[in-house]
Amino acid sequence: MQERFGRYGLKSEVDVRKLWPTIEEIEELNALRLYRKATDAIEIAAKAQKMEKEKKLKKLADVEKNFASYPAKLQAYEESSKKVDEQAVSKEKKNESRVLEVQAYFGYWIDPKDPRFETMMKQKEAEEKKKTKLVKRQEVTAKKKLSAEQSLTEKPKES
């Protein structure tokens, strides 16, 4: 009936007195809290506007604070990116030197991504360890010989 009255007005022949809610319906709406007084609605809207304004002010304060610390953070970022770049360059140089070592040692080029590359590097390192151990052993035996010869030459002087 409300829709018909809203659409056609007085020509709809709807009794206007029946369009208003009854006391029971008003009490039911109040119980469900679907109805607010105009003053309450105005207060709630004012609080919402105030909260929104505070939120905006807080966000602006955060932006200003971050803007003030921007140069220091930018400098720190640039320094860290330089370090990363330097590390990448040093790692790349190390890989190039490893490739050149393997190429010189085995006599042919091999791709560093190839799984055989690692085995060849391990093989080369193992052979180098053997050589260093052999050199150390020879030094130790040479020292023992020298000390033995010195002890033989020193004994006659004591007696």
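**Briefing: helix H2, its surface patches and the loop before it**

Ser12 is buried, because its relative accessible area of 13% falls under the 20% cut-off. This is a predicted model. Helix H2 spans residues 23-32. None of its 10 residues is buried, so H2 lies largely in the open.

**Loop between H1 and H2**
- Ser12 sits in the loop that links helix H1 (2-8) and H2.
- A polar side-chain atom of Ser12 lies 2.7 Å from the backbone oxygen of Gly9.

**Negative patch**
- Glu24, Glu25, Glu27 and Glu28 form a negative patch on the surface.
- Glu25 belongs to helix H2.
- Glu25 has a relative accessible area of 41%, so this residue counts as partly exposed.
- In an α-helix there are 3.6 residues a turn, so residues three or four places apart point the same way.

**Nonpolar patch**
- Leu29, Leu32, Leu34 and Tyr35 make up a nonpolar surface patch.
- Together these four residues have about 440 Å² of accessible area.
- Leu32, one of the patch residues, is found in H2.
- Leu32 counts as exposed because its relative accessibility is 53%, and the cut-off is over 50%.

**End of H2**
- Arg33 comes just after H2.
- The phi of Arg33 is positive, at about 60°.

**Exposure at a glance**
- Ser12, in the loop, is buried at 13% relative accessible area.
- Glu25 is partly exposed at 41%.
- Leu32 is exposed at 53%.

Conventions
Residues numbered from 1 in each chain as written. Predicted model: local features only at pLDDT ≥ 70, side-chain atom pairs only at ≥ 80, totals over all residues. Heavy atoms only, no water. Patch = residues over 30% accessible without salt bridge, like charges linked within 9 Å, V, L, I, M, F, W, Y side chains within 5 Å. Areas by Shrake-Rupley, 256 points an atom, 1.4 Å probe, with all protein chains shown as cover. Salt bridge = Lys/Arg side-chain N within 4 Å of Asp/Glu carboxyl O. Helix = DSSP H or I, 4+ residues; strand = E, 2+ residues; numbered from the N terminus. Buried < 20%, exposed > 50% of the residue type's maximum accessible area, 1.4 Å probe, protein only. Lys, Arg positive; Asp, Glu negative; His and termini not counted. Charge placed at Lys NZ, Arg CZ, Asp CG, Glu CD. Polar contact = N/O pair within 3.5 Å; in protein donor to acceptor, adjacent residues only side chain to side chain.
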